[in-house]
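Visitor: I would like a close look at a single part, a contact between two helices, and then an account of the chain around it. Please give the cut-offs as you go.

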Amino acid sequence: MDRTKRTFWLWAGAGLCAGLLLRLWFVVHLPLIDGDSLIYGGIARNWLQRGVYGFSPGHAPGSIDPTLIRLPGYPLFLAACFFLFGMEHYHAVMFVQVGADLATCWLASALAGRLFGRRAALVVLWLAALCPFTASYTAVPLTETLVLTTIALAFYGFLRWQEAGQGISRWLGVIAAAAAGSLLLRPEQGLLAAAVVPAMAWRSLSSPKGRRDPWRSGVPAAVAALLIVLPLVPWTVRNWNTFHVVQPLVPKYATDPGEVSPAGFGRWYRTWGIEFASTEDFYWNYDGNRMDFAGLPPRAYDDGSPANSGANSLRSRTASLFEDYNVRTHATRPIDSRFAALAEERVHAHPVLYYVGLPVARLLNMTLRPRTEMMDVPLDWWRWQEYGAKTAFAAAYAALNLAYLGIGLAGFLRWRRQRWLSASDQQPFRELAFAMAATIILRCALLLTLDNSEPRYTLEFFPVLFVWAGALFASPAPAASADEAAGR
């Protein structure tokens with residue numbers, strides 16, 4: 001092994017060790033097992049012990065109600081961990097997630113290495129390994145860590161599939177497995193397939209062979225699409241047999257058939273909700289916990305109209321509705337209908353704000369706010385007179401988040417100026433670049449339609465940003481060096 005190669009592997013090993021230590025620190029000091037983690041864990045436990053994919057209802061101890069509000073990918077992962085390491089041994093789950101996240105770092109580095117050279121591979125590895133935003137989610141039993149791995153694997157597979165000649169190959173299987181796994185983890189990850197499969201078809205059909213025989217050249221993309229959808233078939237059949245509904249994914253409001261869908265409350269929330277604090281204080285509390293009217297921001301009930309005052313004011317009616325809800329803290333159809341009526345009134349008064357202003361504000365909040373939701377940092381962190389050092393820490397975290405976004409975008413623009421060429425063999429990877437961009441654009445479009453603002457919904461940007469950042473450190477290198485950087 002020559003000196004250059006040895007130096008690369010020493011620095012790469014140091015980067016992975018640093019990433020390991022960072023993630024272990026989060027697991028030891030900031031583990032979080034609550035909310036959705038317990039939902040997934042309960043499904044996995046019942047699936048293992050009773051053979052039923054469902055929950056144990058509080059009103060009937062010992063019984064289990066089937067459910068379809070979560071896709072089976074993550075419960076299957078938890079069930080495997082529980083079987084191997086002990087029932088509800090969540091720290092073992094976290095350690096496995098540490099390994100998965102380090103694999104994401106390596107895949108992003110390998111992809112950058114093949115595109116931009118050995119130096120870029122090393123920089124990307126360190127950027128990914130030391131990213132605290134992705135690292136912190138290894139300490140939470142949620143889908144995010146595994147989803148990031150599937151994204152990185154899908155794009156790495158795409159590059160290798162293109163290099164292998166764009167036919168039916170093992171790399172097509174890797175792409176399909178990654179996209180299918182991602183979809184089984186989270187329903188919106190169909191966006192990954194929606195970005196990758198058309199890019200595969202575009203790549204195949206734009207080649208000389210594809211122009212001569214478009215039908216045959218389109219087969220790989222069609223096969224990939226079929227393989228991605230195929231795992232949803234047994235899940236859909238199960239839902240039909242159990243609930244007599246056609247549900248290949250999950251309902252928007254994660255409700256089982258027969259449950260009240262909080263569509264009215266969700267529409268009302270969208271007329272004012274922006275920041276994550278409101279998501280935690282109101283959106284998550286609806287249908288199960290009290291909601292404190294005093295904590296509502298004025299924009300939730302004050303439309304600025306002088307006519308809207310007195311006993312029949314929007315504020316009074318909203319307060320009355322909160323009082324009636326808090327009697328039982330249970331979402332009923334009459335309660336939800338009243339929220340829907342309030343929402344309709346507010347949307348009619350300010351349609352541009354509802355359809356444009358607030359969705360954009362929520363998207364910006366999810367993308368730019370400090371990613372400290374898993375830490376002991378107040379959600380209203382900006383009150384520096386009250387929180388002092390925690391405000392400074394949150395501001396620094398926000399700046400770091402912005403730096404990652406900025407360096408990723410700058411790398412994308414530089415790669416574009418280089419006409420999507422790889423540094424090693426000057427092969428164009430235009431379709432790969434557009435697929436990566438499409439995942440971000442499609443996700444942003446979807447997030448504009450959501451009720452609630454959660455920063456974790458934009459974590460999926462990071463595997464792409466890591467790779468794009470490598471373009472800023474691209475250097476010409478022989479093909480063999482790119483292979484070595486990719487871990488051949």
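Guide: What follows starts with the helix contact, then turns to the chain and to some single residues.

This is a predicted model, in which local features need pLDDT of at least 70, side-chain atom pairs count only at pLDDT 80 or more, and totals for chains, interfaces and linings use all residues. Residues are numbered from 1 along each chain as its sequence is written, and side-chain values use heavy atoms, with hydrogens and water left out.

The part in question is the pair formed by helix H8 (residues 170-185) and helix H9 (residues 190-206), whose axes come within 8 Å and cross at roughly 155°. Axes here are lines fitted to C-alpha atoms, for helices over the stretch in contact, and angles run from 0 to 180 degrees between N-to-C directions. Helices (H or I, at least four residues) and strands (E, at least two) are DSSP runs, numbered from the N terminus. H8 and H9 are therefore roughly antiparallel; angles over 145 degrees get that label, those under 35 count as roughly parallel, 65 to 115 as roughly perpendicular, and the rest as oblique. On the H8 side, the contact (heavy atoms within 4.5 Å) is made by Leu-172, Ile-175, Ala-179, Ser-182 and Leu-183. H9 contributes Gly-190, Leu-192, Ala-193, Val-196 and Met-200. By class, eight of these residues are nonpolar, two are polar and none is charged. Ala, Val, Leu, Ile, Met, Phe, Trp, Tyr, Cys and Pro count as nonpolar, Asp, Glu, Lys and Arg as charged, and the others, Gly among them, as polar.

The protein chain around this pair has 23 helices and two strands. Its C-alpha atoms fill a box of roughly 80 × 55 × 50 Å along the principal axes. Of the 488 residues, 53% count as buried, meaning under 20% relative accessible area, with exposed over 50% and partly exposed in between (1.4 Å probe, protein chains only). Among contacts with a separation of 6 or more, 74% join residues 24 or more positions apart.

Pro-66 lies in strand E2 (residues 65-66) and is partly exposed, at 32% relative accessibility. Beyond its neighbours within four places in sequence, Pro-66 is in contact with Val-52, Tyr-53, Gly-54, Arg-238, Thr-242, Phe-243 and Asp-256. Thr-391, in helix H20 (residues 389-417), is buried at 9% relative accessibility. With the same neighbours left aside, Thr-391 is in contact with Trp-381, Trp-382, Arg-383 and Trp-384.

Two loop residues have a positive phi. Most residues other than glycine have a negative phi. Asp-287, with phi near 65°, is found between helix H15 (276-283) and helix H16 (314-328) and is partly exposed, with a relative accessible area of 39%. Thr-329 has a phi of about 50°; this residue is found between H16 and helix H17 (333-349) and is buried at 18%.

The cysteines come last. A disulfide is a pair of cysteine sulfur atoms within 2.5 Å, and by this rule the count is zero. Cys-131 is in no disulfide, the nearest cysteine sulfur, that of Cys-105, being 8.2 Å away. Cys-131 is buried, at 0% relative accessibility. The sulfur of Cys-444 is 17 Å from the closest cysteine sulfur, in Cys-131, too far for a bond.
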